[in-house]
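Subject: Structure handover

Hello,

Here is the structure for your files. My notes on what turned up in it follow below.

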Amino acid sequence: MTMTKVRTKSSQAKSVSTIKYYKLDAIAPLEEAYLHHTEGRMLQLDRHHIISQSYVLPVPALCQVYHLLNLKHLESVHNFSLKGLKIGNIGQLEPTATGGSLKFETTLNPSLNLLKIWRQPVVEVELTLHTPYTIELSIPVYHGSKMTIVFNILPLGNNAHKLFIDIYSAIVFPKPVLQMLLHVASYLTLFEDMPYLRKLANRNLSGRFAKTAVPNHKTMQLLKRFVELYGCNLDSASGRSANDLNLSRPLI
């Protein structure tokens, strides 16, 4: 697997330092409005921060966007790690100025599945596009808690990007053990993603991000929203004026 793990922060580090590294690693000017929006959301979650990871991946940033916003990949790409998880009962997209939120039901295979340690067999998951660079996944776990994963995508030219992963939860579990398990799980999940990301990189991504190319299927609602707002060029998204964004609305 040709990917480079460049940073794994300790449990003492704060998740919002991800934004600092994001700025330092950027090769082009960044839209501060998006960064402020993301930092605000991460500050809301920060007291429940568990781990951070970051990776440099040799595929275009749009591959990661397509991957994260396409719900069906949870069934097809992660069939091994998620043990036959199925998607069902997909809600309607709730749009925001810079993205949107989508809730959908996930069902675990009735056979032995380690994920049952953390969650019920059937739960409603929420996927949120905060900005063109920030995507959040929120999964209910036991005792009314949630496991929240924030993905920050940093383009590094035409054929590479850096992926920042921050995981949060108030779940009652020994923190050192939980951190170890999540570090391993995150790395294995990304390892599982790489063949799919490479396939996307070898295809016509610009064509896949054309407004007429995104299917009207419910599983693709967030991807369609991304295309409506940002098209097929993340660089053009960074050039949007903060005055064009209604960021006074409450964060999701």
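One of the places to look at is helix α5, which spans residues 175-201 and contains Val177. Please keep in mind throughout that this is a predicted model.

Surface patch

Val177 has a relative accessibility of 37%, so it counts as partly exposed. Together with Phe173, Met180, Leu181, Val184, Tyr187, Leu188 and Phe191, Val177 makes up a nonpolar patch on the surface. The accessible area of these residues together is about 700 Å².

Helix α3

Helix α3 covers residues 61-69, and 9 of its 9 residues are buried, so the helix is largely enclosed by the rest of the structure. Buried here means under 20% relative accessible area. The residues concerned are Ala61, Leu62, Cys63, Gln64, Val65, Tyr66, His67, Leu68 and Leu69. Polar side chains are on that list too, including Gln64 and His67.

Two loop residues

Asn89 sits in the loop that runs between β3 (86-88) and β4. Its relative accessibility is 58%, and since exposed means over 50%, Asn89 counts as exposed. The phi angle of Asn89 is near 45°, which is a positive value in a residue other than glycine.

Thr98 is in the loop between β4 (94-96) and β5 (99-107). Is Thr98 buried or exposed? With a relative accessible area of 3%, Thr98 is buried. A polar atom of the Thr98 side chain lies 2.4 Å from the backbone oxygen of His130. You may want to look at that distance in the model yourself.

Cavity

How many cavities of 30 Å³ or more does the structure hold? There is 1, and the volume of the largest cavity is about 80 Å³. Its lining consists of Ile19, Tyr22, Leu30, Glu31, Tyr34, Leu35, Thr38, Thr131, Tyr133, Thr134 and Asn152. Helices α1 (17-25) and α2 (32-45) each supply at least two residues of this lining. The element that gives the most to the lining is α2, with 3 residues.

In short, the items are the nonpolar surface patch that includes Val177, the buried residues of α3, the positive phi of Asn89, the contact between Thr98 and His130, and the cavity of about 80 Å³.

Regards

Technical notes
Residues numbered from 1 in each chain as written. Predicted model: local features only at pLDDT ≥ 70, side-chain atom pairs only at ≥ 80, totals over all residues. Heavy atoms only, no water. Patch = residues over 30% accessible without salt bridge, like charges linked within 9 Å, V, L, I, M, F, W, Y side chains within 5 Å. Areas by Shrake-Rupley, 256 points an atom, 1.4 Å probe, with all protein chains shown as cover. Salt bridge = Lys/Arg side-chain N within 4 Å of Asp/Glu carboxyl O. Helix = DSSP H or I, 4+ residues; strand = E, 2+ residues; numbered from the N terminus. Buried < 20%, exposed > 50% of the residue type's maximum accessible area, 1.4 Å probe, protein only. Polar contact = N/O pair within 3.5 Å; in protein donor to acceptor, adjacent residues only side chain to side chain. 1 Å grid on protein atoms, 1.4 Å probe; cavity = no way out; pocket = protein on both sides within 12 Å on 5 of 7 lines; lining within 4 Å. Points joined across faces, edges and corners; volume = space filled by probe spheres on them.
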